[in-house]
Amino acid sequence: MSLYLDNAATTPVRPEVLKAMTPYLTRYFGNPSSHHEVGEAAASALDDARRRVASVLGMRPGDVLFTSGGTESNNAAIKGIVLGSERRHLVTTAIEHESVLASADYLHRLHGVEVTHAPVDDTGTLTPDALAAALRDDTALVSVGYANNEIGTVQNVAALAAVAHGRGVSLHLDAVQAAGWLPLSGTGADAVTIAGHKLGAPKGTGILAVRGRLPFEPLLHGGGQERGRRSGTPDVAGAVGIATALTLAETERVDEVTRVGALRDAFVTRVLALVPGARLTGHPTHRLPGTASFVFPGTNGETVLLELERRGIVSSSGSACAAGSDEASHVLLAIGVPHDDARTAVRFTLPHGLTASLDDVADAVAAAVAAVGSRG
């Protein structure tokens, strides 16, 4: 069986999560809006899931909405907060996930919202000064990724929140990659996005937490569920699953960061020593513990991936949402990586629970890059 090192794309469902969900797919199947015994059992589970998520985020249970995943949560946060405001300016960066960039483009095209892409440096870091320069009196929202999904760079979100709040601007934090690796409480964010399938919950589960004081225009209209912010019958089993995955990840987080981070550092050091010309992308230290992303000039990233898979290692060239595209990564281009080099990118994202050395993987990377380079 292949060694799977593409955990930023998706993760397997944890056994504890599946066990927690099963009763709400079978015995306790009721609609939580129904006022009878079967419905009330489902409603109780939904309320408990909401409380557990809120505890991890340092927010109130009423702030937590359950969604279909990160894309819906990002769309709902950005469109909902901006359209709920009288201000018509949005600040984000050029290295964000496609769901953030596309939501910003939608607001610009259909609602006349002006969008500023605040510059990041060559590590993918948005500095407080750069954010301050991008803010205006009519800025409604800043939307930024806590940790980048391709290069793993972690933002100083508390500092960014302080800058935004100093100008009376709300901050939306895309924490899809950060959840389970970084603290989610005390960030200063007014809205937070999480996707379950990055944490060991099923695909199709997500969280959007929005502080109750924020005006918010919902994407979905109907029966007024989720305090009117997301109509539709809630997925009780999905909510239980993502709440279970998030609380487990938070419980394990400190130990995981220390162990996996050390294995990642040793892997990076070995790859850079074995592969001539290899470069690590993203911030060298302020990065996710489980992410190592490289460019291998003179190769083709997709071809290197095929060589690695032949050697039993599954990784990726970047965002799974851009899978099948031969275009250079917009993230790498935004941090100044030359176009030809950007097309040589390979990303390794490690699993929670990793305990074994990755020396053999580094050796396989060196062999794969050498094989591709020898073909000219």
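A residue is called buried when its relative accessible area is under 20% and exposed when that area is over 50%, with partly exposed in between. By that rule Glu226, at 9% relative accessibility, counts as buried. The structure described here is a predicted model, and the points below take up its sheet, the helices that pack on that sheet, its nonpolar cores, and some individual residues.

**The sheet**

- Seven strands form an open sheet in the order E2-E8-E7-E6-E5-E3-E4, and the pairing within this sheet of 7 strands is mixed.
- The edges are taken by strand E2 (64–67) and strand E4 (114–118), each of which has a single partner strand, so one side of each is left without a neighbour in the sheet.
- Direction ignored, neighbouring strands of this sheet are turned against each other by 20° on average.
- Within the sheet, strand E5 (residues 139–145) and strand E6 (residues 170–174) pair in the parallel sense over 5 bridges, and Ser143 stands opposite His172 in E6.

**Helices on the sheet**

- Helix H2 (residues 37–57) packs on the sheet, where it touches E2, strand E7 (191–195) and E8, and the direction of H2 makes about 115° with that of E2.
- Helix H6 (residues 157–166) also packs on the sheet, in this case touching E5 and E6, and the direction of H6 makes about 155° with that of E6.

**Helix H3**

- Helix H3 (residues 70–83) has 14 residues, which at 1.5 Å a residue should span 20 Å, and this agrees with the 19 Å that separates its end C-alpha atoms.
- H3 is mostly covered, since 12 of its 14 residues are buried, including Gly70, Glu72, Asn74, Lys79 and Val82.

**Nonpolar cores**

- The largest nonpolar core holds 90 residues, and of these Ile194, Phe267 and Val365 touch the most other members.
- Helix H7 (residues 236–274) gives the most to this core, contributing 12 residues.
- Val365, leaving aside its neighbours within four places in sequence, is in contact with Phe267, Val271, Val275, Phe296, Leu308 and Phe348.
- Another core, of 18 residues, lies apart from the largest one and has Leu65, Leu107, Val113 and Val210 among them.

**Two residues in the loop before H7**

- Glu226 is found in the loop between strand E8 (206–210) and H7, and this residue has a positive phi of about 55° although it is not a glycine.
- Arg227 lies in the loop between E8 and H7 as well, and Arg227 likewise has a positive phi of about 55° without being a glycine.
- In their exposure, Glu226 counts as buried at 9% relative accessibility, whereas Arg227 counts as exposed at 52%.

**Arg311 and its surroundings**

- Arg311 is found in the loop between helix H8 (301–310) and strand E11 (313–314), and because its relative accessible area is 34%, this residue is partly exposed.
- The side chain of Arg311 makes a polar contact with the side chain of Glu307, at 2.6 Å.
- Not counting residues up to four places away in sequence, Arg311 touches Ala364, Ala367, Ala368 and Ala371.
- Arg311 and Gly69 are 242 residues apart along the chain, and their C-alpha atoms are separated by 33 Å.

Notes
Residues numbered from 1 in each chain as written. Predicted model: local features only at pLDDT ≥ 70, side-chain atom pairs only at ≥ 80, totals over all residues. Heavy atoms only, no water. Helix = DSSP H or I, 4+ residues; strand = E, 2+ residues; numbered from the N terminus. Buried < 20%, exposed > 50% of the residue type's maximum accessible area, 1.4 Å probe, protein only. Contact = heavy atoms within 4.5 Å. Polar contact = N/O pair within 3.5 Å; in protein donor to acceptor, adjacent residues only side chain to side chain. Expected span 1.5 Å × (residues − 1). Core = buried A, V, L, I, M, F, W, Y, C linked by side-chain atoms within 4.5 Å. Pairing = 2+ DSSP bridges. Axes fitted to C-alpha atoms, helices over the stretch in contact; angles between N-to-C directions.
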